[in-house]
Amino acid sequence: TQTTRPQRMLAAVQKSATRGDPRSVVKAIDQFCRQKEWAMNVGDEKGCILDSVVTEVNPATVLELGTYCAYSTVRIASLLPPDAKLITLEFNPHNAAIARQVIAWAGLGDKIQLVEGPSGDWIPKMKEKFGIETFDLVFLDHWKDRYLPDTKLMEECGLLRKGSVLLADNVICPGTPDYLEYIRNSPRYKSQYFRSHLEYTKVEDGLEKSVFLG
Ligand SMILES: Oc1cc(-c2ccc(F)cc2)cc2cncnc12
Ligand SMILES: [Mg+2]
C-alpha cells in the first residue's frame, strides 16, 4: 500500500541520521526535501534565521504552533538550555505520530512535549495542564488563518509577558495578511521582517519577529 510523505521523510531520517544527534536529523530532512520531495518544513535558509532568534532569546519556555514532522521542533530544541521546555501543538494525528518518532530519533523526548489537537482548544489550558505561566518564545507555523486568533487568545490568556517573542513563518507565502496587519500596527508589539525564501525554493517568503511590549 502507498506510503505518505511524512512516512517517507521518517524513513529518510532513520536511514541517514544518527540516533541522538538532532543536527543530523535536521540535515537528513533537508537532504530529503532537496533531493527527493518538497515538504513544508521551515527549511535550512529560514532555519538559520530561526536558530539566531532562538539563540538570542535563549528561552526557558517555547510554544510551537504546528509540528508537522518536527523538523523545526528538533531544530529549536537542539539549541535550548538544559531545563528548558518546548510544547508543540499538532492538529493532524498522522503528522503527530510521525513527529513523535522523529523527536525520539533525535533523542529530545525529555525537552519536547507534543500535544495533539486544535491550538485554539489547548492555548487556554497551558497553565492548568502544563504548569506554564508565560512563553518566552512562540513559533507560529500552523494554518495561516489561525495566526491572528491564536495570538489574540495568547494575549487574553496572559501567556505573553513583556519581552515575549513571537516568530511567524510564511508571512509572505502562503501569507498571513490579517496577522501582519494586526501585529505591525499594534502598539503592543515591536516587529521586524526577515526576508528569505519559501523552503527549498527561490520564491520569496519571510519570518516576522514581534516582541510583546506588555
Ligand atoms: O512553510 C509552509 C509552506 C506551505 C506552502 C504550501 C504550498 C505552497 F505552494 C507554498 C507554501 C504551507 C505551510 C502550512 N503550514 C505551515 N507551514 C507551511
Ligand atoms: Mg511553515
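These exercises explore the ligand site, the pockets and the cavity of a predicted model.

**Exercise 1. Find the residues that surround ligand 1, and sort them by class.**

Step 1. Start with the stretch from Asp141 to Lys144: Asp141, His142, Trp143 and Lys144 are all in the shell.
Step 2. Add Trp38 and Met40.
Step 3. Add Asp169, Asn170, Cys173 and Pro174.
Step 4. Finish with Leu198 and Glu199.
Step 5. Sort the shell by class. It has 6 nonpolar, 2 polar and 4 charged residues.

**Exercise 2. Give the distances from oxygen atoms of ligand 1 to polar side-chain atoms of Asp169, Asn170 and Glu199.**

Step 1. Take Glu199. An N or O atom of its side chain is 2.5 Å from a ligand oxygen.
Step 2. Take Asn170. Here the distance from a polar side-chain atom to a ligand oxygen is 2.7 Å.
Step 3. Take Asp169. Its side chain has an N or O atom 3.3 Å from an oxygen of the ligand.
Step 4. Apply the cut-off. A polar contact is a pair of N or O atoms within 3.5 Å, so the pairs qualify.
Step 5. Look at the cover. On its own, ligand 1 has 400 Å² of accessible area, and the protein covers 72% of that.

**Exercise 3. Locate ligand 1 among the pockets, then describe that pocket.**

Step 1. Place the ligand. Ligand 1 sits in the largest pocket.
Step 2. State the volume. The largest pocket has about 470 Å³.
Step 3. Find the centre. The lining has 25 residues, and the closest to the centre are Met40, Gly66, Asp141, His142 and Trp143.
Step 4. Name the elements. Strand E2 (85-90), helix H6 (119-122) and helix H9 (171-175) each give at least two lining residues.
Step 5. Sort the lining. It holds 10 nonpolar, 9 polar and 6 charged residues.

**Exercise 4. Describe the second largest pocket.**

Step 1. State the volume. The space is about 160 Å³.
Step 2. List the lining. It consists of Ala11, Ala12, Lys15, Ser16, Ala28, Gln31, Phe32, Gln35 and Lys36.
Step 3. Name the elements. Helix H1 (5-16) and helix H2 (22-35) each give two or more of the lining residues.
Step 4. Sort the lining. There are 4 nonpolar, 3 polar and 2 charged residues.

**Exercise 5. Search the structure for cavities of 30 Å³ or more.**

Step 1. Count them. The search finds 1 cavity.
Step 2. State the volume. The largest cavity holds about 40 Å³ of space.
Step 3. Trace the lining. Met40, Asn41 and Val42 are in it, as are Asp141 and the stretch Thr67, Tyr68, Cys69, Ala70, Tyr71 and Ser72.
Step 4. Sort the lining. It has 6 nonpolar, 3 polar and 1 charged residues.

Key. Residues are numbered from 1 along each chain as its sequence is written. Chains are lettered from A and ligands numbered from 1 in the order in which they are written. This is a predicted model: local features need pLDDT of at least 70, side-chain atom pairs count only at pLDDT 80 or more; totals for chains, interfaces and linings use all residues. Side-chain values use heavy atoms; hydrogens and water are left out. A residue is near a molecule or strand if one of its heavy atoms lies within 4 Å of it. A polar contact is a pair of N or O atoms within 3.5 Å; within protein, one must be able to donate a hydrogen and the other to accept it, and residues adjacent in sequence count only if both atoms are side-chain atoms. Accessible areas come from the Shrake-Rupley method with a 1.4 Å probe; for residues, only the protein chains shown count as cover. On a 1 Å grid over the protein atoms alone, a cavity is a set of points where a 1.4 Å probe fits but cannot get out, and a pocket is an open set with protein on both sides within 12 Å along at least five of seven lines; lining residues have an atom within 4 Å of a point. A molecule sits in a cavity or pocket if more than half of its atoms lie within 2 Å of its grid points. Ala, Val, Leu, Ile, Met, Phe, Trp, Tyr, Cys and Pro count as nonpolar, Asp, Glu, Lys and Arg as charged, and the others, Gly among them, as polar. Grid points are joined across faces, edges and corners, and a volume is the space filled by probe spheres set on the points. Helices (H or I, at least four residues) and strands (E, at least two) are DSSP runs, numbered from the N terminus.
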